[in-house]
Amino acid sequence: MIPPTIFASKGAVSVLATILLLSLNDNAAVAFTAPTSRRITPIVQNHVKLYSAVEGNISTQSEPASPSMSLVENFIIEYQQSLEEGNKWSTEFGFAEEGEEAPESAFYAIFRAIRHVDAKTNNTNGSSDGEKLLGLSGTPFYVPGYVLAKAEGKHQNAFCDFFHFPHLAKALEEDFLDAQRGSTNNRKGWQVAAVSQPTGSSFNEARMTLPQVNAALEAGTVIFNNIGAHIPRLAGPTLASTDALSLPGALNMYVTAKGMRTSAPPHTDRQDVLVVQMEGAKRWRVFTPPTDGDVKPNADPFARGKGEDSLPLHTLLEGREGRLGSELLMDVVTREGDVLYIPAGFPHTTDTVEESSDADYDTSIHLTFNIDTHVWDLDYLAARSAALQRNKAQDVLSPPSDNRYTGRVNQLPQHIRSQLMDALPLELLDIVPSDNPDFMNGVAKQLATRCKLVDEATGQSAELPESSYVEALERIHSYGSDILEVHRDMYLAAVEEGRLRKAEAAMTAHLKKDDGEVTMTPERMQRLSLFRVRPFFEQIESLKKDLNNWCVSGESITQENSASAQLDPNWQFTSPLKVGDEVEADLGGAFFAGKIAQVTGSTYNVVFFDGDRENGLERDQIKLLNPPTPVEDDFDTTGMTPKEIKKMRKKLEKKKRK
């Protein structure tokens with residue numbers, strides 16, 4: 001039987017190297033049900049070399065990782081070399097005492113390794129050393145936990161035992177959390193539904209409970225979005241990833257019962273994600289991005305298989321010559337302490353079906369760290385759009401909706417589309433533009449090159465000077481830096497809340513109820529995460545609006561302000577909504593961007609940017625993002641009072657209906 005310790009990527013198949021690698025771990029636990037021949041295709045290049053680095057040289061490695069090494073080799077060496085930096089970071093933020101180690105150190109190091117590997121493969125001069133890491137032309141990879149443990153010089157790595165189901169049970173008891181249950185049909189788009197509904201107005205009647213989570217696990221995966229802002233124990237790793245990458249990021253958690261034949265139907269994500277398995281096991285199948293942009297141009301490549309878009313597993317398995325043009329890259333099992341990286345736009349599906357019924361766990365828990373370049377306008381497509389809009393230039397790629405990843409951009413040649421959707425260099429938010437003109441000019445040249453490719457492919461040219469691209473990049477840098485700081489503050493607030501709870505628990509242990517339930521005082525209730533995170537999301541919304549206002553002309557801003565002045569001061573929560581309106585929906589205290597999908601009486605159904613849906617929302621749970629467009633009258637209103645104008649509109653409307 002083949003153990004589940006397989007490095008996989010877009011490299012050529014090497015069966016001999018596979019056998020050598022697999023022989024290292026004869027005692028590995030049994031794999032998930034799948035033909036063993038499918039399990040070994042394809043395998044990353046240079047496995048024998050990788051084995052040498054891991055087993056022999058990595059413990060004494062002191063030289064920088066070489067560009068000639070494989071991406072995985074570079075990653076492992078960079079991880080080991082970043083551990084000391086991670087220890088210093090953990091000490092600075094109070095996760096460890098001087099000279100001690102904390103799991104947060106390893107989380108910091110693993111994202112610092114991502115940062116260093118990306119720097120080697122995403123240069124501002126346009127050169128690329130080896131396999132790319134991020135985006136549609138990126139490289140997925142898998143590293144078993146024992147390899148990371150060897151890099152740390154330990155028997156098991158720092159991620160093992162960090163977060164298990166009892167930690168989740170405690171968090172549900174201490175806080176007011178929200179979660180969704182994912183659908184399990186691998187022939188349809190991934191849909192979600194609320195795990196719980198309030199049964200009353202009191203705190204205990206309104207919040208989600210452990211029995212409700214357990215009930216949801218019988219039907220699908222329970223999804224905790226942005227959980228790093230809510231559970232203090234997970235805020236540290238989320239802050240570590242944010243600081244190590246110098247990028248606003250988020251953390252989701254997925255909990256699945258053992259034996260689920262489809263725990264997540266095939267889908268793509270807007271984020272490049274790093275998965276860390278916390279408990280149990282999960283089988284992952286990862287495919288190359290679909291190439292059917294000409295057939296489905298309005299399908300967001302970063303949200304395929306979500307909502308109304310379907311990405312059936314059987315069509316993905318048709319291979320390169322099939323309808324989607326996708327190819328199976330990886331078929332791998334993650335177990336506690338293992339790490340898996342999947343670039344944005346790469347379809348993947350999961351299950352928890354074991355070959356053996358006596359597997360020693362009940363639930364599979366993994367953390368998904370999001371590298372959110374596309375979410376926060378930190379890619380070349382967003383920079384191009386900002387420059388064109390700022391200069392009032394026509395955009396030949398103008399999308400049919402407000403989602404720039406849909407429409408004609410998907411009909412570009414694949415290599416141009418991939419380059420246009422590439423992330424900006426991760427070090428962008430680390431530098432001061434005025435102190436680093438060469439860096440900014442280098443990124444601007446890359447942006448100009450990509451824009452020229454679009455012009456050549458479409459036969460239309462915007463002809464912007466390079467200074468316009470520099471200006472757009474500087475504004476995106478300012479916006480991204482502000483978003484980054486809001487995220488850091490949000491995670492630091494969660495960390496501090498965890499420390500405060502710990503101190504309170506020590507002081508009030510004698511007051512704890514006999515049934516073990518946490519005493520919820522009014523003061524502590526006000527510090528619950530649903531209240532704590534709201535101001536941060538409001539700041540984020542304000543920053544997004546500021547960027548949009550910068551992109552449009554001064555005249556447009558004046559017109560917008562003039563129109564807004566005539567509106568109800570609370571128009572965001574009172575103006576009528578219609579299908580297609582851009583909104584943010586309040587889901588348990590956090591606002592998430594989406595669009596109105598359906599109006600049913602006085603309630604509304606909202607579809608979010610990643611395809612998830614929430615139905616039956618009340619008007620006061622929805623924030624309208626853009627002021628309603630004033631009605632343009634087709635008659636002369638000069639000298640008329642508002643009442644006379646309204647009367648005339650009704651009169652003309654009656655004529656139209658006759």
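Reader: How many salt bridges does the structure hold?
Author: This is a predicted model, in which local features need pLDDT of at least 70 and side-chain atom pairs count only at pLDDT 80 or more, while totals for chains, interfaces and linings use all residues. Residues are numbered from 1 along each chain as its sequence is written, and side-chain values use heavy atoms, with hydrogens and water left out. If a salt bridge is taken as a side-chain nitrogen of Lys or Arg within 4 Å of a carboxyl oxygen of Asp or Glu, the number of salt bridges in the structure is 34.

Reader: How many residues apart in sequence are the parts tied together by lysine 306 and aspartate 269?
Author: Lysine 306 and aspartate 269 form a salt bridge in which the closest N and O atoms are 2.8 Å apart. Helices (H or I, at least four residues) and strands (E, at least two) are DSSP runs numbered from the N terminus. Because lysine 306 lies in the loop between strand 8 and helix 11, and aspartate 269 in the loop between strand 6 (264-267) and strand 7 (272-279), the pair ties together parts whose separation in sequence is 37 residues.

Reader: Are lysine 306 and aspartate 269 buried or exposed?
Author: The scale is relative accessible area, found with a 1.4 Å probe on protein chains only, where under 20% means buried, over 50% exposed, and in between partly exposed. On this scale, both lysine 306 and aspartate 269 are buried.

Reader: Which accessibility class does arginine 323 fall into?
Author: Arginine 323 meets glutamate 318 in a salt bridge of 2.3 Å, N to O. Its partner, glutamate 318, has 34% relative accessibility and counts as partly exposed. Arginine 323 has 57% relative accessibility, and therefore its class is exposed.

Reader: What is the relative accessibility of aspartate 581?
Author: Aspartate 581 forms a salt bridge with lysine 578, the closest N and O atoms being 3.0 Å apart. Lysine 578 has a relative accessible area of 55% and is exposed. Aspartate 581, by contrast, counts as buried, because its relative accessibility is 11%.

Reader: Which residues are joined into one network by salt bridges that share partners?
Author: A network of this kind arises where salt bridges have partners in common. The residues joined in this way are Lys170, Glu174, Asp175, Glu497, Arg501, Glu504 and Arg527.

Reader: How many aromatic pairs are there, and what is the geometry of phenylalanine 107 and phenylalanine 162?
Author: Rings of Phe, Tyr and Trp (its six-membered ring) pair if their centres lie within 6.5 Å, with planes under 30 degrees apart counted as stacked, over 60 as edge-to-face and the rest as tilted. By this rule the count comes to 11 aromatic pairs. For phenylalanine 107 and phenylalanine 162, the ring centres are 5.4 Å apart and the planes stand at 65 degrees, so the pair is edge-to-face.

Reader: Where do phenylalanine 107 and phenylalanine 162 lie, and how many residues apart are the parts they tie together?
Author: Both phenylalanine 107 and phenylalanine 162 are buried. Phenylalanine 107 lies in helix 5 (residues 103-121) and phenylalanine 162 in the loop between helix 6 (145-152) and helix 7 (165-174), so the pair ties together parts whose separation in sequence is 55 residues.

Reader: What is the geometry of the pair formed by phenylalanine 302 and tyrosine 405?
Author: Phenylalanine 302 is buried at 1% relative accessibility, and tyrosine 405 is buried with a relative accessible area of 2%. Their ring centres are 5.2 Å apart and their planes lie at 80 degrees, so the geometry is edge-to-face.

Reader: Which residues form one aromatic cluster?
Author: The cluster includes phenylalanine 107 and phenylalanine 162, whose rings have their centres 5.4 Å apart. Its full membership is Phe107, Phe111, Phe159, Phe162 and Phe369.

Reader: What is the relative accessible area of asparagine 226?
Author: Asparagine 226 lies in the loop between strand 4 (222-224) and helix 10 (232-245). Its phi is near 50 degrees, a positive value in a residue other than glycine. Asparagine 226 is buried, because its relative accessible area is 7%.

Reader: What is the relative accessible area of aspartate 377?
Author: Aspartate 377 is found in the loop between strand 12 (363-371) and helix 12, and has a positive phi of about 60 degrees although it is not a glycine. Aspartate 377 is buried, because its relative accessible area is 15%.
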